[in-house]
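This report describes a ligand, its surroundings and one unusual peptide bond. Please look over the sequence and the structure before reading on.

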Amino acid sequence: MSERKSLLIIGGTSGIGKEIAGRGVARGDEVTVSGRDAGRAAVVAKELGAAAGIGVDIAKCEQIAAGLGGVGSVDHLVLAAIERDQNSVADYDIGRATYLSTLKLVGYIEVIHALLPRLTPAASIVLFGGLAKDRPYPGSTTVSTINGGVTGMVHTLAVELAPVRVNAIHPGIVGDSPFWSVKPAEVLAGYTSRTPTGQLATMADIADAAEFLLRNGSVNGVNLHVDGGWMLT
Ligand SMILES: NC(=O)c1ccc[n+]([C@@H]2O[C@H](COP(=O)([O-])OP(=O)(O)OC[C@H]3O[C@@H](n4cnc5c(N)ncnc54)[C@H](OP(=O)(O)O)[C@@H]3O)[C@@H](O)[C@H]2O)c1
């Protein structure tokens with residue numbers, strides 16, 4: 001069996017998804033990255049040396065199947081797309097909440113549904129949640145709920161899609177990710193001081209975990225925390 005895999009990353013134009021894409025290219029995989037905009041995805045694909053960049057807005061669920069029409073068979077699928085949401089119950093923005101819930105809880109599943117006939121028998125899927133499900137903060141109600149939803153999604157999909165394997169990563173604060181790296185140093189130091197390893201997770205740590213989950217043939221139905229032990233403190 002060829003070691004060269006076809007790897008599709010939904011949300012591969014930035015941050016952790018892009019890191020995973022770069023490592024896939026370095027390994028010799030046939031990598032496709034996606035984002036909302038086809039032009040931006042094509043630029044990122046060229047920068048990385050990836051096979052293709054495609055535009056699929058996964059919050060527009062009815063358009064996902066058509067957007068993925070040009071994708072061939074898939075060995076490894078990563079669902080990393082996210083839009084940030086700060087949304088308290090007191091000032092609840094229904095539009096924002098609906099958008100993000102749709103993106104992750106319906107969009108992720110619709111991507112898998114659309115690709116199902118193209119998943120190879122030994123295919124594997126990695127979804128991204130996050131630790132706001134366990135470590136809420138003001139305004140995180142939608143995000144916390146969605147992350148909990150990803151946990152359940154892994155369980156049901158691993159059963160329903162068998163023998164395809166399905167796992168999720170719930171990162172802690174990823175200090176060098178585009179979202180966190182621009183935060184004030186004292187904010188990051190506060191999280192670091194509560195992390196037993198004395199350092200925040202890096203994008204390379206998360207990509208390494210994703211590769212493990214994608215490639216290890218017996219890891220299935222796992223919700224993996226990659227957080228330096230942050231949840232223990
Ligand atoms: N960074 C962290 O510390 C952290 C912590 C916990 C969990 N996570 C999880 O890890 C994953 C990656 O996070 P990140 O920080 O690396 O993300 P990021 O840098 O913000 O990148 C988000 C990606 O999602 C894509 N995207 C946004 N809206 C989309 C839509 N409607 N349809 C399709 N693609 C869309 C973006 O592409 P375009 O902009 O090109 O459309 C981009 O490629 C996320 O699921 C996040 O919840 C991250």
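## Polar contacts of the ligand

Arg84 places a polar side-chain atom 2.7 Å from an oxygen atom of the ligand. The model is a predicted one, and the distances given here are computed from it. Two further side chains can be listed with Arg84. Tyr99 has a polar side-chain atom 3.1 Å from a nitrogen atom of the ligand, and Trp180 has one 3.2 Å from an oxygen atom of the ligand.

How much of the ligand does the protein bury? On its own, the ligand exposes 900 Å², and 92% of that area is buried by the protein.

## The shell around the ligand

There are 32 residues around the ligand. Those that come nearest are Thr13, Ser14, Arg36, Arg40 and Arg84. Arg84 is thus named both here and among the polar contacts above.

Sorted by class, the shell holds 16 nonpolar, ten polar and six charged residues. Three helices each supply at least two residues of it: α1 (15–27), α4 (94–115) and α6 (178–181). Which of the elements gives the most to this shell? The answer is α4, with four residues.

## The largest pocket

The ligand sits in the largest pocket. This pocket has a volume of about 1,200 Å³. Its lining is made of 49 residues, and the closest to the pocket centre are Ala80, Ile82, Glu83, Arg84 and Phe179. Arg84 therefore appears again, with a place in the lining as well as a polar side-chain atom 2.7 Å from a ligand oxygen atom.

Several elements give two or more residues to the lining: α1, β2 (30–35), α4, α5 (141–160) and α6. The largest share comes from α4, which gives four residues. The helix α4 also gives the most to the shell around the ligand. By class, the lining has 25 nonpolar, 13 polar and eleven charged residues.

## A cis peptide bond

One more feature concerns the backbone. Where is Pro163 found? It is in the loop between α5 and β6 (165–171). The peptide bond that joins Ala162 and Pro163 is cis, with omega at about 15 degrees. The helix α5, at one end of that loop, is also listed among the elements that give two or more residues to the lining of the largest pocket.

Methods: Residues numbered from 1 in each chain as written. Predicted model: local features only at pLDDT ≥ 70, side-chain atom pairs only at ≥ 80, totals over all residues. Heavy atoms only, no water. Near = heavy atom within 4 Å. Polar contact = N/O pair within 3.5 Å; in protein donor to acceptor, adjacent residues only side chain to side chain. Areas by Shrake-Rupley, 256 points an atom, 1.4 Å probe, with all protein chains shown as cover. 1 Å grid on protein atoms, 1.4 Å probe; cavity = no way out; pocket = protein on both sides within 12 Å on 5 of 7 lines; lining within 4 Å. Sits in = over half its atoms within 2 Å of the grid points. Nonpolar A, V, L, I, M, F, W, Y, C, P; charged D, E, K, R; others polar. Points joined across faces, edges and corners; volume = space filled by probe spheres on them.
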